[in-house]
Amino acid sequence: MAAIRTYDATTIGSQEVLAVVKKRQKPAMILFCVLSGILLLLGIIGFVIENYVLVVIAMFFILPFLIPAIIFIVRYTHPMKCRPLKKNPVVLQQADWMFRNITFQNDLVVVSPNFFAPKTDISAIVPVQEVLLTYKRVVQTNFTTMYFWVIDTVRGTTQIPYLKKQEELVAQSVDIIIPLCPHIRVGHNQENLNYREYMKAMWEQTQINQGQQ
């Protein structure tokens with residue numbers, strides 16, 4: 001298991017977020033670029049040896065690989081076009097503020113008075129004012145059991161994977177975060193699920209009303 005990084009007030013949050021977003025695009029970018037390059041090379045070889053069937057085949061298959069390659073190159077070089085930053089344009093400012101005001105961190109989360117984020121995805125900044133519900137989810141398959149700490153907000157859901165031996169870390173993190181979140185409820189039950197949906201609907205209606213002003 002990779003070592004968990006420890007942050008401090010000198011960490012520049014926006015740079016951390018951008019690095020995570022770019023890193024996420026890199027494997028797919030490399031894969032599609034390599035496949036596109038191979039097909040392009042085959043096309044050139046076919047043209048040189050006058051095997052035009054090979055040229056046609058290479059050109060026919062290159063587009064399904066070249067288009068995603070271009071998309072991932074654009075996302076890698078312009079991370080603001082990636083989903084986390086498009087969905088929350090102020091996430092970079094939030095990250096800078098969060099890292100300047102760290103009050104708690106462990107192997108799962110980094111916490112400040114106004115925001116927290118999972119260390120598995122530091123770009124998933126969660127404003128404490130938007131948290132509605134938190135609970136643990138266990139997913140069993142034929143081969144393994146996976147554990148998730150789930151955080152529902154007015155904007156969506158963040159799931160933090162953890163190991164069974166990290167149960168105490170989850171409990172510790174929840175105890176730290178609960179006092180910071182004025183609208184939070186704990187536990188997966190119908191009453192809390194109804195509360196979550198009601199609060200999300202209220203928030204969405206407020207956003208609509210503000211947009212009409």
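These exercises walk you through a predicted model, with a worked solution after each task.

## Exercise 1: A helix with a bend

Work out what length helix α2 should have, and find where α2 is kinked.

**Solution**

Step 1. Start with the residue count: α2 covers residues 52–77, which is 26 residues.

Step 2. Turn the count into a length. At 1.5 Å a residue, α2 should span 38 Å.

Step 3. Compare that with the model. The end C-alpha atoms of α2 are 35 Å apart, which agrees with the expected span.

Step 4. Now look for the bend. A kink of about 40° lies at Ile62, shortly before the proline Pro64.

Step 5. Finally, ask which side chains are hidden. Val55, Ala58, Ile62, Pro68, Ala69 and Phe72 of α2 are buried, and the buried residues of this helix pack against α1. Ile62 thus appears twice in the solution, as the site of the kink and as a buried residue.

## Exercise 2: Two sheets, strand by strand

Give the strand order of each four-stranded sheet, and name the edge strands.

**Solution**

Step 1. Take the antiparallel sheet. This open sheet has the order β1-β2-β3-β4.

Step 2. Find its edges. β1 (104–105) and β4 (126–127) each have a single partner strand, so one side of each is left without a neighbour in the sheet.

Step 3. Zoom in on one pair. β1 and β2 are joined in the antiparallel sense over two bridges, and Gln105 stands opposite Val110 in β2.

Step 4. Move to the sheet with mixed pairing. Its four strands run in the order β7-β6-β5-β8, and this sheet is open too. The edges are β7 and β8, each pairing on one side only.

Step 5. See where the mixture comes from by following β5 (residues 131–140). β5 pairs with β6 in the antiparallel sense over nine bridges, while its pairing with β8 (residues 185–186) is parallel, over two bridges.

Step 6. Check individual partners. Across from Val138 in β6 you find Tyr147, and Tyr135 has Val150 as its bridge partner in β6. On the β8 side, Thr134 stands opposite Val186.

Step 7. Look at the connection. β5 and β6 form a hairpin, with four residues between them.

## Exercise 3: Tracing salt bridges

Say which parts of the chain are tied together by the Arg5–Glu16 and Arg196–Asp152 salt bridges.

**Solution**

Step 1. Recall the basic idea. Side chains of opposite charge can pair when their charged atoms come close. The model has eight salt bridges in total.

Step 2. Check the separation of the Arg5–Glu16 pair. Their side chains meet at 2.9 Å, N to O. Arg5 lies in the segment before α1 (13–48) and Glu16 in α1, so this pair ties together parts that are 11 residues apart in sequence.

Step 3. Decide how hidden each partner is. Arg5 is partly exposed, at 46% relative accessibility. Glu16 has a relative accessible area of 15%, so Glu16 falls under the 20% cut-off and is buried.

Step 4. Repeat this for Arg196 and Asp152. Their closest N and O atoms are 2.7 Å apart. Arg196 belongs to α6 (residues 190–212) and Asp152 to β6 (residues 145–153), so the link joins parts that are 44 residues apart in sequence. Both Arg196 and Asp152 are buried.

Step 5. Look for further partners. Arg196 also forms a salt bridge with Glu197, with 2.9 Å between the closest N and O atoms. Glu197 is partly exposed, at 40% relative accessibility, whereas Arg196 is buried, at 17%.

Step 6. Add one network to your picture: Lys136, Lys164 and Glu167 are linked by salt bridges.

## Exercise 4: Inside the nonpolar cores

Find which residues touch the most other members of the largest nonpolar core, and where its residues come from.

**Solution**

Step 1. Keep the general tendency in mind. In soluble globular proteins, nonpolar side chains tend to be buried together.

Step 2. Name the best-connected members. Of the 18 residues in the largest core, Val109, Phe116, Val131, Trp149 and Cys181 touch the most other members.

Step 3. Trace the sources. β2 (109–111), β6, β7 (157–162) and α5 (167–177) each supply at least two residues of this core.

Step 4. Follow the contacts of one member. Setting aside residues up to four places away in sequence, Val109 touches several residues, including Phe104, Trp149 and Ile160.

Step 5. Look for another core. A separate one has 15 residues, among them Cys82, Phe99, Val110 and Ile122.

Technical notes. Residues numbered from 1 in each chain as written. Predicted model: local features only at pLDDT ≥ 70, side-chain atom pairs only at ≥ 80, totals over all residues. Heavy atoms only, no water. Salt bridge = Lys/Arg side-chain N within 4 Å of Asp/Glu carboxyl O. Buried < 20%, exposed > 50% of the residue type's maximum accessible area, 1.4 Å probe, protein only. Pairing = 2+ DSSP bridges. Core = buried A, V, L, I, M, F, W, Y, C linked by side-chain atoms within 4.5 Å. Contact = heavy atoms within 4.5 Å. Expected span 1.5 Å × (residues − 1). Bend = angle between axes of the 7 residues up to and from the residue.
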